[in-house]
Amino acid sequence: MDELTNKLANLETEDVSSRDNSVHSTPSKTVPTPSPIPGPPGLPILGNLTDLDPEVPLTTFMRLADTYGPVFSLQLGGGPKRVFINSVELLEEVCDEKRFGKIVTGALEQLRSGVGAGLFTAHTDEKEWGIAHRILMPAFGPLAIREMFDDMHDIASQMVMKWARYGPEHRILATDDFTRLTLDTLSLCTMGYRFNSFYTSDMHPFVDAMVDYLVESGRRANRPKLASFLMRGTNQKYAADVKLMRDVASGVVKTRRENPTQKKDLLNAMINGRDPKTGEGLEDELIYSQMITFLIAGHETTSGLLSFVFCNLLQHSSAYRAAQKEVDDVCGKGPITADHLPKLKYISAVLRETLRLNPTAPLFSTTLNSNQDQDSATLGNGRYALEKGQAIIAVLPNIHRDPKVYGEDADVFKPERMLDEEFEKLPAAAWKPFGNGMRGCIGRPFAWQESLLVVALLLQHFNFALDDPNYKLQLKQTLTIKPKDFYMRATLRDGIDATKLERTMAGSSATATTEGIAKPGEEKAAAAAADKDKPARKPMSIFYGSNTGTCEALAQRLSTSAASHGFDAAIATMDSANGKLPKDRPVVFITASYEGQPPDNATHFMEWLQSLTGDEAAGTSFAVFGCGHRDWRSTYQRIPTLVDELLLARGATRVTPKGEADASQGDIFTEFDNWEDAQLWPTVTERFGGKPVATDEATTSTVLVEISFKKRSSNLRMDVREARVTAAHCLTAPGEPEKRHLEIELPSDMPYRAGDYLAILPVNPRETINRVMKRFQLPWDAHLHISSTAPTVLPTDSEISAHDILATYVELSQPATKKNVLALAAAADSDQPSIKASLEALASTSFHAEITLKRTSPLDLLERYPTLLFPLGDFLSMLPPMRMRQYSISSSPLTNPSQCTLTYSVLDAASSSSPPHRHIGVATTYLSTLSPGNVLQVSVRSSAHSFHLPLNLATTPIVMVCAGSGLAPFRGFVQERATQLAAGRQLARALLFVGCRYHDRDRLYADELKEWEKAGAIEVHYAFSREPELAEGCKYVQDRMRKDVDMLMETWDAGAKVFVCGGARVGEEVSKVCKEAYRERMRGKGEEKTEDQAEEWFAALRNERFATDVFD
């Protein structure tokens, strides 16, 4: 028995001895009386219809599985409750075709109004199904599929050329073009009909009718019959859609009969074929039904598969690189042939893994066969009672993530687990994206060949990047699922252009050359030079890697100053440099590391850079600036250093030594300015020309402002959505540092998991805005008209209110940099020598003490020197753009998927830089002003994969350690566990160690935690820094851990996973306790471990059994 099958054999009620689907043909006779299947309570008449997400019902089924476990039931649309299964164990049972068979129910039953007894909507005992199945099977045989290769290549080439001609600036809506591709491919290969979707801007009317037909069929399945009957307009549209599809099908049949061919395709098989068993053929009406069925099932599922493939690859750079390398190794640069496809082992694994996580037909239904007796009317080897005729729906996205088969990383995209040898080890029910048994998908070979060809062809010719590096997968659902709003960009590889690509694909040029082809940026540079109204500048490229916006802000800052040095700087993400390093200009990389890994928009570039082996970077002149935080000692500056070293090793020329900034010192912008002025620009201007700039010239603003008094407007440009506050209150007693609770109603298509972040686009505090308005003597309704001679994030060439600019576009409280201080000094008049001298002193010997440590902002300095005349444009140009702030979500979606909560500390302290003003946090002050009904801009951001609850809830204990508002993610964890316990789930032990000041003044969510502790969801252990006597002498959370070390070690030995959330000091102290406990444990075994050995042991646990979310 292989390893993965062993995993199933160890399940409580299953005895799997082979991949035979019949292993459950006889239910166990020793189990107790079957129990009812759990599920949420419903409403009279409506049942559970109100529980469903009306747009994407699948998300409801997935969420309910998190709550109720492997099986639950719902009352939907009358009749018996529908049973939903979510584990490999249960699917293995219902795939036994001796006991269970396909049932046409729900949306499939509704589809019969349009396609009747088509292959996928026919009942198994219908005569028409048997005849059609036997006639059509040979049309999908291996030889027939191989003969379709040239037609598949024809359509795929049309899409390739479209993308090549549109160029890298075109936003590709993947689902749209893949739908065109698969519809045209299926119709040409199987029916000899061309929809020519790539030659028109609009989809063929058949597609619109089909999509509306599928959506309405799904809605009818979950709607009371009376409600559907009364929807007259909807019913008329539904009938019209059916008529249009059948008219198209009949037209194709008529054309073929009038123009017969000898082609052995699906259409000829349906028109001329005879059933070898009965000798009967297919009636025309049934032919139309089968044609529509194939066009729907074949193109919808494959277009979804291809969309998910590229979404997954672009979010997992190592897999992307491995797939593209396989194409290069197997296919080279020449034409791809059918013989190449079987050799694409890794891409096959990518397709399998994609269909595991994102099965495009996510549900299939079975029911107990009519010949089974009442004793067989059970599920789970007799554990649950079934009704005769009750639909059992397999929720494949849950089944394919079963941690008992796939492990704790079951929700991670990992194609390696699906390579041939590993794939063959899987239990039969662990991967069922094409259905089961004799009712499985007949078109699987067709879809597989088409998908392999398309993926190989696209990776051969293009480098791809996400249009939005922060894209978070969302689903749209008809009968199938696809990614919602998934855009990507395609750049031709190897310097080839669309004209040469067309010749290559036509076979006239097997090898592309780059002779005479514009290098990256040359066309734009030529256009700029031809523009006589603009000064000629030298090209420069700035690539940034940034998750939080800091490095992007630095890139913007550098591009602004580039203009004054004679350069026209283009800014882009590092991923946009994947495979195409510029060689005709200086190139600057600005990036950070995130726990040693590249930022989200730099992962593909890093994979590519690390894959190089020769001198591929020769001719590139580069500089690197890195941002980091020394609290992460083992990974500090890892990615910037790697970029610097790898570029040098691959033949590039380093223009200047790598610069770096340490966020723990709080002066990233100053460090960047120092590197830019002292190292970068002197060497760049010497090597490439441009113009050296004196200090006073360098501080001159590129932003010009005109003040007007017209109606204000806003032009906010951020990747956020609107959400609404539903509740807000303070959690702490008066006089204590304020900690608050905020409840937010999210957009319906913004899912999250417990442990994720909510990114907030804040607004500067009104008090701070008032200070600026007062300092620059602006009336409250002042409007600004901004123009700029360099790139800027400020809205230009339109009027916008001064308040909106100051509130939403710039950071007013960011500490000043040395360059900022020198700019202020340069503005001092000749009759203000004392001001000039004072500011120059601040920029030198006093900078760290007076600016960095006190967090003195440019506004603070302007108020300190009220007689200093300084233009508003200069002030705006020195400020960094407003950035988003991330906060851990403190709720679980199992409680309410459309609502989340935040738990945060409000920063409000005495200002050491500008008394009597207060030092107030931008985002926390903004959040504290919100009340129910207020709207804010938000975006859900995924936390590290390791910072989520384990998938094996019943066997993996957890330990959570926090202080203060660090409780936030753990409240979400415990809330989720409490919801699961209430639904009857079995959970492993959970310990929560919390640090507070007092037992009654700042003990957050004390009543909730008590109730959850009573329910068995958690064991809470407190430390009180101001009342240690009430916590068994434990002052800090690390003290409580030492106090309870035996319990901790017992839980650790049971396989616990440890989570830590809080300030950097908390993280350090917790790690110290863990290392102490390890050394003590080893000492008890007679092994003495050094501190270095303990550190090595601890480092190996990070992101495996020890996960941190540490903030400043």
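Colleague: How far is the sulfur of cysteine 189 from the closest cysteine sulfur?

Modeller: In this predicted model, the distance is 15 Å, and the closest cysteine sulfur belongs to cysteine 441. That is too far for a bond.

Colleague: And how many disulfides are there by this rule?

Modeller: The count is zero. A disulfide is a covalent bond between the sulfur atoms of two cysteines. The cut-off applied here is 2.5 Å between the sulfur atoms.

Colleague: Is cysteine 189 buried or exposed?

Modeller: Cysteine 189 has a relative accessible area of 2%, so it is buried. Cysteine 311 also counts as buried, because its relative accessibility is 0%.

Colleague: Let us turn to sheets. In what order do the three strands of the open sheet with E4 lie?

Modeller: The order is E4-E12-E9, with antiparallel pairing. The edge strands are E4, residues 172–173, and E9, residues 462–466, each of which pairs on one side only.

Colleague: How many bridges link E4 and E12?

Modeller: Two bridges link E4 to E12, which covers residues 487–492. In one pairing, isoleucine 172 has methionine 488 of E12 as its bridge partner.

Colleague: Which helix lies across E9 and E12?

Modeller: That is helix H19, residues 444–461. Helix H19 runs at about 95° to E9.

Colleague: How do the axes of H13 and H19 cross?

Modeller: The axis of H13, residues 284–314, comes within 10 Å of the axis of H19, and the two cross at roughly 35°. The crossing is right-handed. On the H13 side, the contact is made by Thr302, Leu305, Leu306, Val309 and Phe310. On the H19 side, the residues are Ala447, Glu450, Ser451, Val454, Val455, Leu458 and Leu459.

Colleague: What about the loop between E11 and E12; which residue there has a positive phi?

Modeller: Aspartate 485 lies in that loop, between E11 (481–483) and E12. The phi of aspartate 485 is near 55°, a positive value in a residue other than glycine. Aspartate 485 counts as partly exposed, because its relative accessibility is 46%.

Colleague: And where does glutamate 1032 lie?

Modeller: Glutamate 1032 is in the loop between strand E32 (1019–1024) and helix H37 (1037–1043). Its phi is also positive, near 55°, and glutamate 1032 is a residue other than glycine. The relative accessible area of glutamate 1032 is 52%, so this residue is exposed.

Colleague: Back to strands. Which residues cover the two faces of E2?

Modeller: Strand E2 comprises residues 82–85, and both of its faces are covered. Arg82 and Phe84 are buried on one side, while Val83 and Ile85 are buried on the other.

Colleague: Which way does E2 run relative to E1 and E8: parallel or antiparallel?

Modeller: E2 runs antiparallel to E1 (residues 71–74), and four bridges join them. Valine 71 stands opposite isoleucine 85 in that pairing. With E8 (residues 392–395), E2 runs parallel, and three bridges join the two. There, phenylalanine 84 has isoleucine 393 of E8 as its bridge partner.

Colleague: How many bridges join E20 to E29, and how many join E20 to E21?

Modeller: Strand E20, residues 721–730, is joined to E29 (residues 935–941) by four bridges, and these strands run antiparallel. Arginine 724 has valine 935 as its partner in E29. Six bridges join E20 to E21 (residues 739–745), also in an antiparallel arrangement. Cysteine 730 stands opposite arginine 740 in E21.

Colleague: Now helices. What does H24 reach from its first C-alpha to its last?

Modeller: H24, residues 638–649, reaches 16 Å over its 12 residues, close to the 16 Å expected at 1.5 Å a residue.

Colleague: Which of its residues are buried, and what do they pack against?

Modeller: In H24, the buried residues are Ile639, Pro640, Leu642, Val643, Asp644, Leu646 and Leu647. The buried residues of H24 pack against strands E15 (586–592), E16 (621–628) and E17 (653–654), together with helix H23 (603–611). Just after H24, glycine 651 has a positive phi of about 100°.

Colleague: What span should H35 have?

Modeller: H35, residues 968–982, has 15 residues and should span 21 Å at 1.5 Å a residue. Its end C-alpha atoms are 22 Å apart, which agrees.

Colleague: How many of the residues of H35 are buried?

Modeller: Of its 15 residues, 13 are buried, so H35 is mostly covered. Glycine 984 follows H35 and has a positive phi, near 95°.

Conventions: Residues are numbered from 1 along each chain as its sequence is written. This is a predicted model: local features need pLDDT of at least 70, side-chain atom pairs count only at pLDDT 80 or more; totals for chains, interfaces and linings use all residues. Side-chain values use heavy atoms; hydrogens and water are left out. Two strands pair if DSSP finds at least two bridges between them. Contact means heavy atoms within 4.5 Å. Axes are lines fitted to C-alpha atoms, for helices over the stretch in contact, and angles run from 0 to 180 degrees between N-to-C directions. Buried means under 20% relative accessible area, exposed over 50%, partly exposed in between (1.4 Å probe, protein chains only). The expected span of a helix is 1.5 Å times one less than its number of residues. A crossing is left-handed if the near helix is turned anticlockwise from the far one by less than a right angle, and right-handed if clockwise.
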